[in-house]
Amino acid sequence: MRKDGDIVDLEQEFYDSFEKEQMLAYFDFAFPKGALPGLCKISRPKEGHTKSTYFSTLFIIDTTSDSAFNEVASYARKIQWDDFRNYLPGFNSVMAMPYAGQKTETYFLEADIFIDTPIDIPKQFVLHRLYPSIEKVTGFKTGTLVFWDDIDPKKEDTAETRQSFFQNIKNFFK
């Protein structure tokens, strides 16, 4: 709920954020403590939505109990996001936004990673620079990086394909 009393539909806000972003890739990972499974999506702003150059990462971690949730939240607060400076060319800053709601079976952490220069070939940048940097900075044991456009090049970015992505996330954590 916002200060003005309006109720915010968080699920709709989540979907709306994808309207402004181009999904690039995702990967699974293991949380370093407790072997909790996670999924991370990587996206960037769609053309014309902003002049900023950034990559948005959304970490979704399966927390099976209150203690697991607390452990992930504590770990997330200690991530040294500025360490991207050591691994990522053109790094400017990170805006990390941890999950701020009630404890659930899933912990969300979004981190927008801003860089100074535009990226001509985002796929190469993600593969050779961003993805390895994420593993080093977060300490997560990353799995296979899958590029969104490699899944099925015939599919278009529609509400139906986005819905199937979210269903896959839900299924991942069942």
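The protein chain contains six helices and six strands. The model described here is predicted. Along the sequence, these elements follow one another in the pattern α-β-β-β-α-α-β-β-α-β-α-α. The six strands make up an open antiparallel sheet, and helices α2 and α4 are both placed against strands of that sheet.

**The chain as a whole**

- The protein chain has 174 residues, and 39% of them count as buried.
- Its accessible surface amounts to about 10400 Å², with carbon and sulfur atoms contributing 49% of that area.
- Among contacts in the protein chain with a separation of 6 or more, 64% are between residues 24 or more positions apart.

**The sheet and its edges**

- The order of the strands across the open sheet is β4-β5-β3-β2-β1-β6, and their pairing is antiparallel.
- Strands β4 and β6 (141-147) lie at the edges with a single partner strand each, so each has one side without a neighbour in the sheet.
- On average, and with direction ignored, neighbouring strands of this sheet are turned by 20 degrees against each other.
- As general background, the strands of a sheet are paired through backbone hydrogen bonds, in either a parallel or an antiparallel manner.

**Strand β5 and its two partners**

- Strand β5 covers residues 106-115; seven of its 10 residues are buried, and it is therefore largely enclosed by the rest of the structure.
- On one side, β5 is joined to strand β3 (residues 54-62) by nine bridges, and the two run antiparallel.
- Within this pairing, Asp62 has Thr106 of β5 as its bridge partner.
- Strand β4 (residues 91-98) is joined to β5 by seven bridges, again in the antiparallel sense.
- Here Phe91 stands opposite Ile115 of β5.

**Strand β1 and its two partners**

- Strand β1 (residues 21-30) pairs with β6 through five bridges in the antiparallel sense.
- Two bridge partners illustrate this pairing: Ala30 is matched with Lys141 in β6, and Phe27 is matched with Leu145 in β6.
- Strand β1 also pairs with β2, through nine antiparallel bridges.
- In that pairing, Gln22 has Arg44 of β2 as its bridge partner.

**Pro98 in strand β4**

- Pro98 is located in strand β4.
- With a relative accessible area of 43%, Pro98 is classed as partly exposed, because this value falls between the limits of 20% for buried and 50% for exposed.
- Beyond its neighbours within four places in sequence, Pro98 is in contact with Tyr107, Phe108 and Leu109.
- The C-alpha atoms of Pro98 and Phe108 are 6.3 Å apart, while the two residues are 10 residues apart in sequence.

**Helix α2 and Ser67**

- Helix α2 packs on the sheet, where it touches β3 and β5.
- The direction of α2 makes about 15 degrees with that of β5.
- Ser67 belongs to helix α2, which comprises residues 66-78.
- The relative accessibility of Ser67 is 54%; Ser67 therefore counts as exposed, the cut-off being over 50%.
- Ser67 and Lys103 are 36 residues apart along the chain, and 9.9 Å separates their C-alpha atoms.

**Helix α4**

- Helix α4 lies across β1, β2 (37-45), β3, β5 and β6, and runs at about 165 degrees to β6.
- Helix α4 comprises residues 122-138 and spans only 21 Å between its end C-alpha atoms, whereas a straight helix of 17 residues would span 24 Å at 1.5 Å a residue.
- A kink of about 35 degrees is found at Leu130 in α4, shortly before the proline Pro132.
- The buried residues of α4 include Pro122, Phe125, Val126 and Leu130.
- Others buried in α4 are Tyr131, Ser133, Ile134, Val137 and Thr138.
- In general, an α-helix has 3.6 residues a turn, so residues three or four places apart point the same way.
- Just after α4, Gly139 adopts a positive phi of about 80 degrees.

How values were computed
Residues numbered from 1 in each chain as written. Predicted model: local features only at pLDDT ≥ 70, side-chain atom pairs only at ≥ 80, totals over all residues. Heavy atoms only, no water. Buried < 20%, exposed > 50% of the residue type's maximum accessible area, 1.4 Å probe, protein only. Helix = DSSP H or I, 4+ residues; strand = E, 2+ residues; numbered from the N terminus. Pairing = 2+ DSSP bridges. Contact = heavy atoms within 4.5 Å. Areas by Shrake-Rupley, 256 points an atom, 1.4 Å probe, with all protein chains shown as cover. Expected span 1.5 Å × (residues − 1). Bend = angle between axes of the 7 residues up to and from the residue. Axes fitted to C-alpha atoms, helices over the stretch in contact; angles between N-to-C directions.
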